[in-house]
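Open the structure in your viewer and keep the selection tool at hand. Each stop below tells you what to select and what is there.

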Amino acid sequence: MDIFMPMPHDYYRQLAIRTGDREYSKKYIAGAWRRKGWVGTEDGLRLENECTGKPGTNGTMTWECNKPNPQLPPAWKSEREFFDWLGVPFKLPKHRIG
């Protein structure tokens with residue numbers, strides 16, 4: 001079992017990526033925020049141009065934001081609002097299949 005303790009402003013992003021299929025999350029959800037210029041960090045989404053990336057495991061990148069006051073994404077009020085921000089049609093977790 002994994003336990004996640006997201007920051008309040010990052011809750012709905014974490015909910016979206018943790019409740020669906022891994023491949024769906026990678027392809028559709030993370031792909032959408034990357035197209036918008038954002039990357040996932042330990043502190044939530046940050047603008048790629050405010051971060052440094054290092055090769056991680058399995059061909060992924062590990063991102064770290066070094067800017068003292070980085071721009072934050074909106075504080076979404078629901079999972080649906082997060083999907084709307086991404087420009088990805090909302091699907092219930094059981095339909096998020098990669």
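Start by selecting helix α2, residues 22–35. In this predicted model, α2 gives the largest share of the lining of the largest pocket, namely eight residues. Now add α1 (11–18), β1 (38–41) and β4 (61–65) to the selection; like α2, each of them supplies at least two residues of that lining.

How many residues line the largest pocket? There are 33, and those nearest its centre are Ile17, Arg18, Trp33, Thr60 and Met61. Show these five as sticks to mark the middle of the pocket. The volume of the pocket is about 1,300 Å³. Rolling a probe the size of a water molecule over the atoms shows where empty space is left. If you colour the lining by class, you will find 10 nonpolar, 12 polar and 11 charged residues.

Next, select strands β3 (51–55) and β4 (61–65). They run antiparallel and are joined by five bridges. Pick Lys54 and look across to β4: its bridge partner there is Thr62. Then follow the chain from β3 to β4, which form a hairpin with five residues between them. Stop at Asn58 in the turn, where phi is positive, about 55 degrees.

The following stops are salt bridges, of which the structure holds four. Side chains of opposite charge can pair when their charged atoms come close.

Select Glu48 and Arg34. Their side chains meet in a salt bridge, with 3.1 Å from N to O. Glu48 sits in the loop between β2 (44–47) and β3, while Arg34 belongs to helix α2, so the pair ties together parts that are 14 residues apart in sequence. Switch on the surface and compare the two partners. Glu48 is partly exposed, at 29% relative accessible area, and Arg34 is also partly exposed, at 36%.

Move on to Lys67 and Glu50. In this salt bridge the closest N and O atoms are 3.3 Å apart. The pair links distant parts of the chain, 17 residues apart: Lys67 is in the loop between β4 and α3, and Glu50 is in the loop between β2 and β3. Is Glu50 buried or exposed? Glu50 is buried, because its relative accessible area is 14% and the cut-off for buried is under 20%. Its partner Lys67 is partly exposed, with a relative accessible area of 42%.

Now select Glu79 and Arg96. Here the side chains meet in a salt bridge of 2.9 Å, N to O. This pair too links distant parts of the chain, with Glu79 in helix α3 and Arg96 in the segment after α3, 17 residues apart. Hide the surface to see both side chains. Glu79 counts as buried at 12% relative accessibility, and Arg96 is buried as well, with a relative accessible area of 1%.

For the last stop, go to the end of helix α3 (79–86) and select Gly87, which lies in the segment after the helix. Is Gly87 buried or exposed? Gly87 is exposed, because its relative accessible area is 63% and exposed means over 50%. Finally, add Asp21 and draw a distance between the two C-alpha atoms. Gly87 and Asp21 are 66 residues apart in sequence and 19 Å apart in space.

Conventions
Residues are numbered from 1 along each chain as its sequence is written. This is a predicted model: local features need pLDDT of at least 70, side-chain atom pairs count only at pLDDT 80 or more; totals for chains, interfaces and linings use all residues. Side-chain values use heavy atoms; hydrogens and water are left out. On a 1 Å grid over the protein atoms alone, a cavity is a set of points where a 1.4 Å probe fits but cannot get out, and a pocket is an open set with protein on both sides within 12 Å along at least five of seven lines; lining residues have an atom within 4 Å of a point. Grid points are joined across faces, edges and corners, and a volume is the space filled by probe spheres set on the points. Helices (H or I, at least four residues) and strands (E, at least two) are DSSP runs, numbered from the N terminus. Ala, Val, Leu, Ile, Met, Phe, Trp, Tyr, Cys and Pro count as nonpolar, Asp, Glu, Lys and Arg as charged, and the others, Gly among them, as polar. Buried means under 20% relative accessible area, exposed over 50%, partly exposed in between (1.4 Å probe, protein chains only). Two strands pair if DSSP finds at least two bridges between them.
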